[in-house]
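Dear colleague,

Please find the structure below, together with its sequence. A short account of what was found in it follows.

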Amino acid sequence: MNLLLKFRLPFAVVTLTTLAGCSSDTTSPTKSGQPDVEAVSQISIDGVVGKIASSPPTIRVTDSKTHKPLADIPVEFSALDGAGSVTNNLTATDSMGLASAGKWTFSTRTSKNYLSVYVNGKLSLLFTATLKPDIPAHFVPITPIDQAGLPGTEITGPGVYVQDQYTNPVPGIAVSFALLDQRTRSLERTTGISDNAGLATSGGWALGSTPGTTHTTASVPGIESLVFNAHILDPASIKWYTLDSVRIGTNELTATSSGISDARFGITGFDPCLCKKQDGYFVEEVVYSAVGGAIDNTSGNYSLDGPTLTISSLTDPGTIQNGKVYLVRRDPDFGFVFTWVYKELSQ
């Protein structure tokens, strides 16, 4: 007898006996058609950053010819880069041909999350979640918390970014801007709706005529309010200086020869929280004009060509000696270090 036939015959008998005795509806794709893969849960959903999908991503695998469920088929659920995570990365179909990713926890960024499904090592499906930001959690100010202005002038009003707990911008949120005292004449808007970047602003902030500090708040229910301060300067407290020369290393140029027709600033001891202290004074106002201007010493008024006076903090190092102020600045374009020399302006 052929030895090969001798050993093959019992194997064939056992195999046929086993198949004949199988009464399950589950079939094997190797003995019939290829597996068909379909999504049982919704394949495209909306979600919220950092949250869990309302239903686990689930698929069914069936035989393409008999349409019966296929059990024990290897399935991989793979969240693409930054697309969150699932509890069941690697699993297999059950007796009903079902396989689930378990909990799908979304990423913390507002973007689309994609979950790939591999069946028998082959990419078969793609679940998509479009994420929205979480509820508002905090503000990020875009305008300085502390500003200063002359009486009766208008400064930039409060502006904030509305963000969720993951710093995603939250659009469509009504931000209330409220005046806290009588030193503010008005705000351009008392309500601002956050845009797609989460930005909401009050517009212009009109200061009153009385020197002192005035306050405005930005608030949204459930978020800690932000308080913005405007320091209304007393013109009588400002000591004015005008540009005398510019030094670059050992070279010293006059204001005119350096291409600056008018530059001046005022310093005042009005409020120590505003600016860097300079020999008992606090730098409050820096004004430059490249197109000329006029100083009316008879009336004490200062006029410049171009925009109205700009008041800001000065953080550059400087000293005051013999009635002159020396400010050291690095040019942002060329990197040169300049020393600006100002002399006190007599009134």
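Ser194 lies in the loop between strand S17 (191-193) and strand S18 (199-201); strands here are DSSP runs of E, at least two residues long, and are numbered from the N terminus. The model is a predicted one, in which local features need pLDDT of at least 70 and side-chain atom pairs count only at pLDDT 80 or more, while totals for chains, interfaces and linings use all residues. Residues are numbered from 1 along each chain as its sequence is written, and side-chain values use heavy atoms, with hydrogens and water left out.

With a relative accessibility of 5%, Ser194 counts as buried (under 20% relative accessible area, with a 1.4 Å probe and protein chains only). Leaving aside residues up to four places away in sequence, Ser194 touches Val162, Val170, Pro171, Gly172, Ile173, Leu199 and Ala200, where contact means heavy atoms within 4.5 Å. The side chain of Ser194 reaches two backbone atoms: the oxygen of Val170 at 2.8 Å and the nitrogen of Ile173, also at 2.8 Å. Both are polar contacts, that is, pairs of N or O atoms within 3.5 Å in which, within protein, one must be able to donate a hydrogen and the other to accept it; residues adjacent in sequence count only if both atoms are side-chain atoms.

Strand S17 also belongs to an open sheet of 5 strands, in the order S12-S21-S20-S15-S17 and with mixed pairing; two strands pair if DSSP finds at least two bridges between them. S17 and strand S12 (146-149) stand at the edges with a single partner strand each, so one side of each has no neighbour in the sheet. S12 runs parallel to strand S21 (residues 226-232), to which 4 bridges join it, and Ala148 has His231 as its bridge partner. S20 and S21 run antiparallel and are joined by 7 bridges; Thr214 stands opposite Ala230 there. In the hairpin of these two strands, with 6 residues between them, Gly222 takes a positive phi near 90°. Strand S15 (residues 174-179) is antiparallel to strand S20 (residues 212-219), with 4 bridges.

The largest nonpolar core has 21 residues, and Ile59, Phe77, Trp104 and Val117 have the most contacts inside it. Such a core is a set of buried Ala, Val, Leu, Ile, Met, Phe, Trp, Tyr and Cys residues joined through side-chain atoms within 4.5 Å. S10 gives the most to this core, with 4 residues. A second, separate core of 19 residues includes Ile155, Leu187, Ile223 and Phe228.

With kind regards

Notes: Buried < 20%, exposed > 50% of the residue type's maximum accessible area, 1.4 Å probe, protein only.
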